[in-house]
Amino acid sequence: MTTPYDIRPVHASEWRQIKALRLRALSDEAAPIAFLDSYADASTRPDGFWQDRARGSSVEAGQEAGARQFVVVTEAGEWAGTAVALVEKAGAVDFEGAVVDKPGGHVVGVFLCPEHRGRGVLERLFRSLTDWLREIGLDHVRLYVHEENVRARRAYEKLGFQPTGTHVAGSIGTEIEMAMTL
């Protein structure tokens, strides 16, 4: 069966598309509880910021990269979604200031355009992310979701993520840590 979506890692040269999709994500109605960034801030960042971001999470960064961004592309070439897998190394300090106990993945920046939701695309996007994390030798992955973002929590649960019991009071409110063994 042919699928109308291609899910693949980004290329460093695609920074303009990465920027455009991020700005679209930050325009989504759920953005205030889904992202630690705002459209106002992101839209004023210079091109160099986006170029560096693309380069650091692209397929060209290689297997030793600290991150890999995946994108959902329609048959027509439209970018319909994205997610980033960060590599967390044991002993490193995470974004909350906690020391990472064991190496693993951390998913951030998840977005799927509304017109592409409910089609199984998110599952395929996460399969690509988790396959890459397994390829580089990691055996678990985590993410944070805002306690009021019920739609996202349910979607992550369907993918196999479970709440760990850890809650973080962040700048956008309380977030729930969810994790999954790969």
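**Exercise 1. The surroundings of D47**

Leaving aside neighbours within four places in sequence, with which residues is D47 in contact?

*Solution.* The model treated here is a predicted one.

Step 1. Locate the residue: D47 belongs to helix α4.

Step 2. List the partners. Beyond the neighbours within four places in sequence, D47 is in contact with W15 and K19.

Step 3. Compare sequence and space. D47 and K19 are 28 residues apart in sequence, and their C-alpha atoms are 8.9 Å apart.

Step 4. Classify the exposure. The relative accessibility of D47 is 40%, so D47 counts as partly exposed, given that the partly exposed class lies between 20% and 50%.

**Exercise 2. Helix α1**

Determine whether the span of α1 agrees with its number of residues, and identify what covers its buried residues.

*Solution.* Step 1. Helix α1 covers residues 15–27 and has 13 residues; at 1.5 Å a residue, it should span 18 Å.

Step 2. The end C-alpha atoms of α1 are 18 Å apart, which agrees with that expectation.

Step 3. The buried residues of α1 are W15, I18, K19, L21, R22, L23, A25 and L26. A general property of helices is relevant to such a list: an α-helix has 3.6 residues a turn, so residues three or four places apart point the same way.

Step 4. The cover over these buried residues includes the helices α2 (31–34), α3 (39–42) and α4 (47–56), together with the strands β2 (67–74), β3 (79–88) and β4 (104–112).

Step 5. For contrast, consider R16, which also lies in helix α1. Its relative accessibility is 56%, so R16 counts as exposed. R16 and S128 are 112 residues apart in sequence, with 22 Å between their C-alpha atoms.

**Exercise 3. Aromatic pairs**

Classify the geometry of the pairs F49–W50 and F126–F161, and describe the setting of each ring.

*Solution.* Step 1. Over the whole structure, a search finds four aromatic pairs.

Step 2. For F49 and W50, the ring centres are 5.0 Å apart and the planes stand at 85°, so the pair is edge-to-face. F49 is partly exposed, with a relative accessible area of 30%, whereas W50 is buried, at 0%.

Step 3. For F126 and F161, the centres are 5.8 Å apart and the planes are again at 85°, so this pair is edge-to-face too. F126 lies in helix α5 (residues 121–135) and F161 in the loop between α6 (150–158) and β6 (162–170), so the pair ties together parts that are 35 residues apart in sequence.

Step 4. Both of these rings are in buried residues: F126 has a relative accessible area of 4%, and F161 has a relative accessibility of 0%.

Step 5. Extend the pair to its cluster: F126, Y156 and F161 form one aromatic cluster.

Step 6. Return to F49 and look for a charge. R45 lies over the face of the F49 ring, at 4.8 Å from the ring centre.

**Exercise 4. Helix α5 and strand β1**

Describe helix α5, then establish which residues of α5 are in contact with I7.

*Solution.* Step 1. Helix α5 has 15 residues and reaches 21 Å from its first C-alpha to its last, close to the 21 Å expected at 1.5 Å a residue.

Step 2. Its buried residues are V121, L122, L125, F126, S128, L129, T130, W132 and L133. Just after α5, G137 takes a positive phi of about 90°.

Step 3. I7 is placed in strand β1 (residues 5–9) and is buried, with a relative accessible area of 13%.

Step 4. Leaving aside neighbours within four places in sequence, I7 is in contact with V71, V72, V121, R124, L125 and S128. Of these partners, V121, L125 and S128 are among the buried residues of α5, and R124 falls within residues 121–135 of α5.

Step 5. A further distance concerns R127: I7 and R127 are 120 residues apart in sequence, yet 9.6 Å apart from C-alpha to C-alpha.

**Exercise 5. The chain as a whole**

Assess whether the chain is as compact as a globular protein of its length.

*Solution.* Step 1. The chain has six helices and seven strands, running β-α-α-α-α-β-β-β-α-β-α-β-β from the N terminus.

Step 2. Its radius of gyration is 16 Å, close to the 16 Å from the globule rule for 182 residues, so the chain is as compact as a globular protein of that length.

Step 3. Along its principal axes, the C-alpha trace spans about 40 × 40 × 35 Å.

Step 4. Of the 182 residues, 43% are buried. Among contacts with a separation of 6 or more, 62% join residues 24 or more positions apart.

Definitions and conventions:
Residues numbered from 1 in each chain as written. Predicted model: local features only at pLDDT ≥ 70, side-chain atom pairs only at ≥ 80, totals over all residues. Heavy atoms only, no water. Phe/Tyr/Trp six-rings, centres within 6.5 Å; stacked < 30°, edge-to-face > 60°. Buried < 20%, exposed > 50% of the residue type's maximum accessible area, 1.4 Å probe, protein only. Helix = DSSP H or I, 4+ residues; strand = E, 2+ residues; numbered from the N terminus. Lys NZ or Arg CZ within 6 Å of the ring centre and 35° of its normal. Rg over C-alpha atoms; globule rule 2.2 N^0.38 Å. Contact = heavy atoms within 4.5 Å. Expected span 1.5 Å × (residues − 1).
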